[in-house]
Amino acid sequence: MKRWIGPLAGFIACGLLVPGASAQSKGEVVVYCSVLNEWCLAASQAFERKTGVKVILNVKGSGEVGAQLRAEASNPRADVWWGGTGDPHLAAAEADLTVAYKPAALGELHPWAVKQWEQSGGKTIGIYAGVLGFTWNTELIASKKLQAPKCWADLTRAEFRDEIQMSNPSSSGTAYTALATLIQVMGEDKAFGYLKGLHRNISQYTRSGPAPVRNAARAETMIGIIFLHDAVAEANEGFPLATAAPCEGTGYEIGSMSLVKGGRNPDNAKLWYEWSLSAEAQSLAKENKSFQVPSNRSAAAHPKAPRLEDIKLVDYDFAKYGSSEERKRIVSRWEQEVGMLP
Ligand code: PLP
């Protein structure tokens, strides 16, 4: 197993080929993976067992992979970008960093996953969906005798000073989803006014999207703005976490997958692409602390997975918020007006 260590995780060659399978003859595939480490590893190992193709894994947040693909455009190192929020996948498609492909399983997918594929001219496709919301440490909140937040408006209450974490939109797709969601819920200027108020209560903007969940689980923050499925998965492990979807309405991600333009192993990349859309592959998520809604209609979600139909969702404009220009504009406005504040 080879590991390319980055701050979030790293490059990992899984090295679990079944006896008799030849890495030489089957070759390798380089996967940039933007889901939880556990799921990245389990998927890679299952794919290696199934195909004999060696997987070289690099685990990083969505914003970071988007930036890395741009930096590597003249000499691509990845074959597939697997997982992470859909907006930066759409931006990569628009920037011509990824290529169109029509998978055999297209007809087995939920309409939201197919829409992502259609919207990008076939360059990215939904592999799961996840809803943005809050989590809080139930013991910490009880010890301070505070009311749990249920609405976006609650997060700016003075009693939550320094008690909230969210990720940084420059590196994290989760945080970008939060910015785009607030703009769609409130209108842009109000959303930025809100984010400045929220900033007073933020103790840390983490690099990765799921970090506030882990930190809340370990009582290092009281509240996190996160994808609900990550917090539900940690609660399922026994951590004292509860969750809420904001009462004003919330956004969601279509976790996506793209084939990298100029990747050195295009055939193995397509093998991964096809395999990872299968119900069999997607059902691995729930066994690996990943409670997203799978995009294959026959794949089983974890019984505790948040259900899209139970939550007040905004009509998320993926075309608009997935465009590279809009993304750049919103993130730099945040950096200048909010991120720079003391
Ligand atoms: N890890 C998990 C479990 C996720 O659900 C997501 C969202 O797609 C990500 C990572 C993406 O992380 P980031 O916000 O750091 O881009």
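Start with the shell around the ligand: by class, 5 residues are nonpolar, 12 polar and 2 charged. Here Ala, Val, Leu, Ile, Met, Phe, Trp, Tyr, Cys and Pro count as nonpolar, Asp, Glu, Lys and Arg as charged, and the others, Gly among them, as polar. The model is predicted: local features need pLDDT of at least 70, side-chain atom pairs count only at pLDDT 80 or more, and totals for chains, interfaces and linings use all residues. Numbering runs from 1 along each chain as its sequence is written, and side-chain values use heavy atoms, without hydrogens and water.

Now select the ligand's surroundings. The ligand has 19 residues around it (a heavy atom within 4 Å). The closest are Ser62, Ser172, Thr174, His229 and Glu253.

Next, show the polar contacts (N or O pairs within 3.5 Å). Pick threonine 174: an N or O atom of its side chain is 2.5 Å from a ligand oxygen. Go to histidine 229, where a polar side-chain atom lies 2.7 Å from a ligand oxygen. At glycine 209, a polar backbone atom is 2.8 Å from an oxygen of the ligand.

Finally, color the domains (bounds from an automatic or database assignment). Domain 1 (11–129 + 254–305) and domain 2 (131–251 + 323–339) each give the shell at least three residues.

Technical notes: Polar contact = N/O pair within 3.5 Å; in protein donor to acceptor, adjacent residues only side chain to side chain.
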